[in-house]
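Thank you all for making time this morning. I would like to walk you through one structure, moving from its aromatic rings to its sheet and its core, so please have the sequence and the model in view.

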Amino acid sequence: MAQEPGTPGPETPTERTPETPAPVEFSDLAALKALAQPRRQRMLQHLTLHGPATSATLARALGLNTGSTSYHLRELARYGFVEETEAGAGTAAGVGVGETGTGAGVAKAAESAGEERRTERAPGHGRERWWRAVPGDRRFPPRSRQSAEMRHVMDELNHHAYAADLELFEQLQRDSAESGPWADAFPYSRGTIRLTPAELGAFFEEYIALLNRYKRPEAETPNGARTVLTRFLAFPAPLIDADADADMRVDAAAAVAADSEAEAGVGAGAGAGAGPGAEVTPARPADATPVHNRKETEPS
C-alpha cells in the first residue's frame, strides 16, 4: 500500500545518516580509457550486480576466455575499479558503486551494490583469485574541463553504458516471470523542469544524497530486499534558433490559413478552421518566453 507523503513506512530510512565515501574525481585519461573498454564495463557490471567472482566465473557468465578476463581484471585493478577479496566476501556493506558527472552534467548516476550478493565458493584445491567491484562515489570532470580526447573517451564510455542499461531494462521487462510485488518494480519518470546550471547541480547532489540515505549494511537489510538499479540522466533541451523559429511560426500560420480556406469551400455548413483529424501547430503565445539566438556550452 502506498504511503502518504510525510508518513514513512517502517522500512523507510528517514533518520539514517550512513557514513558515505567522499566523491573522487577521475580525471586520468588512462584510467578513463581502461574503464571505457566494453568488456571491462560488462565485467564491472557483473561484479556490481552479483558480487565477487573469479576470472573463470566471469568468463563463463560473459562468454569470454579466462585469459582475457584475467587480463581485464588486472587492468581494472590497476586503476582502482576492482580489487582482490576473500572467497565469498561481499562488497563493503552499505556502500554503493557509482559513477557520476560533476557540476550540471551527469555521466552516470550512482548505483546501489550492497544488498544482494550471489557468490560461489572456491574449490578446495589451490587458491583462486576472487575479485570485487571497489565501492565509492566516482565522478568525472565536467565537460567544460575535458580535453577533446577525453570527451571522445567519455562519449564512448557513456554510449556503451547507457546501451547496456537499456538492453537490460528491456530484457527484464520482456522476460520477467514475476508475479509477486516485484512484478511492478519498473518505475520510471520523464519530466521537464526549468533550472539554472547551479540549480541543476544542486538537484543532482540532492539525488545522490537520497541514494545514500537508502543505503544500509547487509545486517540491516530486511528480508525480501533486492538489488535495485538506479539511473539518472538530465540534459538541457536544445535551443531553437530565433530565425528558424520565426520561419516555423510563419509556415504554421500559412498552413492554418490554407486549411481554413479549404474548409470554407467544402459544402454548406462547413466551419472555418482545421478539418477533422487535422493537426495544427499553434503560434507562440504573446507572453511566451522569448527565444534568444545564443549558444550554450554542452555539459557532460
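Let me begin with a rule, since the first count depends on it: two rings of Phe, Tyr or Trp, the last taken by its six-membered ring, are called a pair if their centres lie within 6.5 Å, and planes under 30 degrees apart count as stacked, over 60 as edge-to-face and the rest as tilted. By this rule the chain comes to five aromatic pairs, and I should say at once that what you are looking at is a predicted model.

The pair I would like to show you is that of F203 and F232, whose ring centres are 6.1 Å apart and whose planes meet at 35 degrees, so the pair is tilted. It links distant parts of the chain, for F203 belongs to helix α6, residues 197-214, while F232 sits in the loop between α6 and α7, and the two are 29 residues apart. Are these two residues buried or exposed? F203 is partly exposed, with a relative accessible area of 40%, whereas F232, at 11%, counts as buried. Both of them belong to one aromatic cluster, together with F204 and Y207. While we are speaking of rings, you may also want to find W182, since R226 lies over its face, at 5.0 Å from the ring centre.

Let me now step back to the chain as a whole. It has seven helices and seven strands, and from the N terminus on these elements run β-α-α-β-α-α-β-β-β-β-β-α-α-α. Of the 300 residues in the chain, 32% are buried. If we take the contacts with a separation of 6 or more, residues 24 or more positions apart account for 79% of them.

I turn next to the strands. Strands of a sheet pair through backbone hydrogen bonds, either parallel or antiparallel. Here three strands form an open sheet in the order β2-β6-β3, and the pairing is antiparallel. Because β2 and β3 stand at the edges, each with a single partner strand, one side of each is left without a neighbour in the sheet. Looking at the joins one by one, β2 and β6 are connected by two bridges, with T54 having W130 as its bridge partner in β6, while β3 and β6 pair over four bridges, and E83 stands opposite R132.

What covers the faces of β6 can be read from its side chains: W130 and R132 on one side, and W131 and A133 on the other, are all buried, so to speak on both faces. Helix α2 lies across β2, β3 and β6, and it runs at about 85 degrees to β6.

There is also a parallel pairing to point out, in which strand β1, residues 24-25, is joined to β7 by two bridges, and V24 has R138 as its bridge partner. In β7 itself, G136 and R138 point one way and D137 and R139 the other, and all of them are buried.

That brings me to the nonpolar core. Which residues touch the most other members of the largest core? Of its 25 residues, they are L32, L47, L73, V82 and F140. The elements that give two or more residues to this core are α1, α2, α3, α4, β6 and α5, and α1 gives the most, with five. Apart from it lies another core, of five residues, among them F204, Y207, I208 and L211.

L32 deserves a closer look. L32 is placed in helix α1, and it is buried, with a relative accessible area of 0%. Leaving aside its neighbours within four places in sequence, L32 is in contact with F26, F140, M150, V153, M154 and L157. L32 and F140 are 108 residues apart in sequence, yet 8.9 Å apart in space, C-alpha to C-alpha.

I will finish with helix α3, residues 55-62, whose buried residues are S55, T57, L58, A59 and L62. What covers these buried residues includes α2, β2 and α4. Just after the helix, G63 takes a positive phi of about 70 degrees.

Definitions and conventions. Residues are numbered from 1 along each chain as its sequence is written. This is a predicted model: local features need pLDDT of at least 70, side-chain atom pairs count only at pLDDT 80 or more; totals for chains, interfaces and linings use all residues. Side-chain values use heavy atoms; hydrogens and water are left out. Buried means under 20% relative accessible area, exposed over 50%, partly exposed in between (1.4 Å probe, protein chains only). Contact means heavy atoms within 4.5 Å. Two strands pair if DSSP finds at least two bridges between them. A nonpolar core is a set of buried Ala, Val, Leu, Ile, Met, Phe, Trp, Tyr and Cys residues joined through side-chain atoms within 4.5 Å. Axes are lines fitted to C-alpha atoms, for helices over the stretch in contact, and angles run from 0 to 180 degrees between N-to-C directions. A charge sits over a ring if NZ of Lys or CZ of Arg is within 6 Å of the ring centre and within 35 degrees of the ring normal.
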